[in-house]
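Me: I should like to go through this structure term by term. Please set each value against the criterion behind the word and then conclude.

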Amino acid sequence: KILILDFGSQYTQLIARRVRELNVYCEIHPYNNFPWPDETVKGVILSGSPFSVRDKEAPIPDLGQIKGKLPLLGVCYGAQFMAHHYGGKVEASETREYGRANLKFIDQTNELFFEIEKDSQVWMSHGDTIIRLPENYRVIASTADVEVAGYKIEGEPTYGIQFHPEVYHTEQGLQLLYNFVIDICGCKRSWTPASFVEETVASLKQQIGNDKVVLGLSGGVDSSVAAMLLHRAIGEQLTCLFVDNGLLRKGEYEKVLDSYKHMGLNVVGIDARERFLGELKGVSDPEQKRKTIGRVFIEVFDGEAQKIKGVKWLAQGTIYPDVIESMSVNGPSATIKSHHNVGGLPERMNLKVVEPLKLLFKDEVRKVGQELNISPTILGRHPFPGPGLAIRIIGEVTAEKVALLQEVDNIFIEGLRKHDLYDKVWQAGAILLPIQSVGVMGDERTYENVVALRAVTSTDGMTADWVHLPFEFLGRISSEIINRVKGVNRVVYDISSKPPATIEWE
Ligand code: XMP
């Protein structure tokens, strides 16, 4: 495997994803807290950083067990660190070097640049630049403005590059990573969905033995894939709980429960609609709604899990970005909204936790799901927030408002499917606004609700763009909603991007 030491760059996860794309397993660890490399580690990559090596508090890793002993590649800050720390000179560049550049010189004999073409485009993003290299360092690539775009240390497999091979704008970035990971480090390309399933099933069997496991299904991709992996490993020892909080999409509870049963899972459906709606009475603050729903979920789940005699494990669909975030150099990012709905579950339940997906990125979870023959309708489903329609009803949540919004949402989502737009959109939904507006229907004046439609594209939900849905489609959906859903006389479309807006309205 490859070890990636993180100095807090926004691109660190991208390096890991690229290495994984090469079918090589890798792990990200903080620069100041990583396991000493054992014989499974074939090479190390140092990430970029928001810091400058000249800062007083600049991160300094201990490379004693690594440099000169294992293949080592420094990217951006990583490259500057190894130049600065071992006797070279790094200074602020006169113009901040940002964006595209072309490699005007490449040492064609150097293995890191094998098959990389002269003039190939690379992506720079740094305020500092290396102006003098330590003695035994040799320049192996340059651009017009950056002489030391790449270097190698003589006599050891240590390399530095000041551009970012992991971003899409570096045309031959993947080739460069291939050269490092496969040719220089000698990694085998054996990390595939099939090998992951095989190894994980074997290790789950061993870890769990004859114990019983409980898992909460949400209808989403992660929990479904986690459930199927465990099912393959331990079969009937796994009990899945699927809670109906009354805030799901129209007909979703029945549909999803049914498909879980078809997948052979031992699943218990829990109708807790009244309990949730009762606790939400009088609550209109968004954070309060999230907290209430999170708490009630834990109580309901715990109550039901107690009924499973001798259960020892709680399984969760945690994925790698959550794990990295919680141990990252920067610490978990600031709470804009408290998304992690059921964070308190393991503590309360006093069970051991098993997280079979905690090494995977989202796209890998989908591939593993395919490998497990999970249906495309589950794997391709849009994300849906844990607190459900409650955070799409601005103000207090009531059963009537939920029913109304379910109808609106259903017309919109089914419309997307019918017009072949569902898979082009990352997430979509409807929001019930707390205002009424005047309309006219037949000869009558109406004074009814306004709903907003929202559809976005995104890769991870961190940033998002509104989707330019065809006007004809929006027009058709709008009339269908107004004609069919009693109580709605106006439909608007949300054209805000994130940032500065967020995807959900609450
Ligand atoms: P925002 O509104 O923050 O949403 O742009 C980003 C993504 O997160 C989802 N989301 C949630 N998911 N619990 C969840 O499980 C929550 O409380 C929550 N709030 C937002 C949202 O649907 C979008 O996919």
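Reply: Certainly. Helices and strands are here DSSP runs, of at least four residues for a helix and at least two for a strand, numbered from the N terminus. By that numbering, Glu115 is in the loop between strand E5 (89–106) and strand E6 (121–132). Please bear in mind that this is a predicted model.

Me: Why is Glu115 called exposed?

Reply: A residue is exposed if 12 or fewer other C-beta atoms lie within 10 Å of its own. Glu115 has 10 such atoms within 10 Å, and is therefore exposed.

Me: What makes the phi of Glu115 worth a remark?

Reply: Most residues other than glycine have a negative phi. Phi of Glu115 is near 65°, a positive value in a residue other than glycine.

Me: How do you know whether Asn350 is buried or exposed?

Reply: The same count is applied, with 12 or fewer as the limit for exposed. Asn350 has 9 C-beta neighbours inside 10 Å, so it counts as exposed. Its place is the loop between helix H10 (345–349) and strand E14 (352–354), and its phi, near 55°, is positive although the residue is not glycine.

Me: Which residues does the UniProt annotation "active site" cover?

Reply: According to the unreviewed UniProt entry, the annotation covers Cys76, His164 and Glu166. Such annotations may be inferred rather than shown by experiment.

Me: What makes these residues a cluster in space?

Reply: They are spread over 91 residues of sequence, yet the largest C-alpha distance is 11.2 Å.

Me: Why is His164 called buried?

Reply: The cut-off for buried is 20 or more other C-beta atoms within 10 Å. His164 has 23, and is therefore buried. His164 is found in the loop between strand E9 (158–161) and helix H3 (173–184). Leaving aside residues up to four places away in sequence, His164 touches Tyr11, Gly48, Val75, Cys76, Trp123, Ser125 and Thr170. Cys76, one of these contacts, is also covered by the "active site" annotation in the UniProt record.

Me: How do you know whether Glu166 is buried or exposed?

Reply: Glu166 has 26 C-beta neighbours inside 10 Å; set against the cut-off of 20 or more, this count means that Glu166 is buried. Glu166 lies in the loop between E9 and H3. Its contacts, not counting residues up to four places away in sequence, are Tyr11, Leu14, Ile15, Arg18 and Gly173. Tyr11 is thus touched by Glu166 and by His164.

Me: How do you know that strands E10 and E11 pair?

Reply: Two strands pair if DSSP finds at least two bridges between them. E10 (residues 212–217) and E11 (residues 238–244) have five bridges, in the parallel sense, so the criterion is met. Leu217 has Phe242 in E11 as its bridge partner. From E10 the chain crosses through helix H5 (residues 221–234) to E11, and this β-α-β crossover is right-handed.

Me: What joins E11 to strand E12?

Reply: Five bridges join E11 to E12 (residues 267–271), and these strands run parallel. Phe242 stands opposite Gly269 in E12. The chain passes from E11 through helix H6 (residues 252–262) to E12 in a right-handed β-α-β crossover.

Me: What is the omega of the peptide bond from Lys498 to Pro499, and of the one that joins Pro499 and Pro500?

Reply: Most peptide bonds are trans. The bond from Lys498 to Pro499 is cis, with omega near -15°. A cis peptide bond also joins Pro499 and Pro500, where omega is about 5°. Pro499 is in the segment after strand E18 (488–493), as is Pro500.

Technical notes: Residues numbered from 1 in each chain as written. Predicted model: local features only at pLDDT ≥ 70, side-chain atom pairs only at ≥ 80, totals over all residues. Right-handed = clockwise from strand over helix to strand, strands pointing away. Contact = placed C-beta atoms within 7 Å.
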